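Please open the model in your viewer and keep the selection tool ready, as this tour goes from one selection to the next.

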Amino acid sequence: MIVDCHAHLIPQSLLQQAQKDAAHFPNVKLNPAGESLGFQFAASKATRPAMKGLYDLPGRLKWMADNGIDRQVCGGWLDMMGNELPAAEGQRWNRMANEHMLSVARSEAKIIPLAALP
């Protein structure tokens with residue numbers, strides 16, 4: 001079994017929920033960019049938009065199959081962690097991200113999720 005032990009993933013559903021629930025995160029600014037988003041947390045500099053490979057799960061699974069990778073251990077994209085957020089908002093943000101990472105792993109056994117802490 002071949003396991004890629006260092007990968008980053010943004011669940012597409014997280015991007016969608018972040019847009020839908022933007023009012024619940026007053027210190028998170030979403031910067032739409034085509035199908036993607038960039039983020040800005042509190043007063044920090046805006047991030048670059050997320051690359052498609054980070055949130056395109058079918059494309060990732062095809063790439064894994066083409067390269068003989070059986071499993072991939074995935075943490076969130078570092079630019080979306082929100083470490084600059086106030087504590088309570090950071091907890092809510094990370095809980096939401098973790099729930100979406102777990103949802104991907106439940107629907108796709110090839111993905112092994114890592115949780116984030118605020």
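Two strands are said to pair if DSSP finds at least two bridges between them, and the strands themselves (E, at least two residues) are, like helices (H or I, at least four), DSSP runs numbered from the N terminus. This is a predicted model, in which local features need pLDDT of at least 70 and side-chain atom pairs count only at pLDDT 80 or more, while totals for chains, interfaces and linings use all residues. Residues are numbered from 1 along each chain as its sequence is written, and side-chain values use heavy atoms, with hydrogens and water left out.

Select strand 1 (residues 3-8) together with strand 4 (residues 71-75), and you have a parallel pair joined over four bridges. Within this pair, Ala-7 has Cys-74 of strand 4 as its bridge partner.

Now add strand 5, which completes an open sheet of three strands in the order 1-4-5, with parallel pairing. Strand 1 and strand 5 (111-113) are the edge strands, each pairing on one side only.

Next, select helix 3 (residues 57-66), which packs on the sheet and touches strand 1, strand 4 and strand 5, its direction making about 140° with that of strand 4; contact here means heavy atoms within 4.5 Å, and angles run from 0 to 180 degrees between N-to-C directions, with axes fitted to C-alpha atoms, for helices over the stretch in contact. Helix 4 (residues 87-107) lies across strand 4 and strand 5 and runs at about 150° to strand 5.

Finally, return to Val-3 in strand 1: is it buried or partly exposed? Val-3 counts as partly exposed because its relative accessibility is 40%, where buried means under 20% relative accessible area, exposed over 50%, and partly exposed in between (1.4 Å probe, protein chains only).
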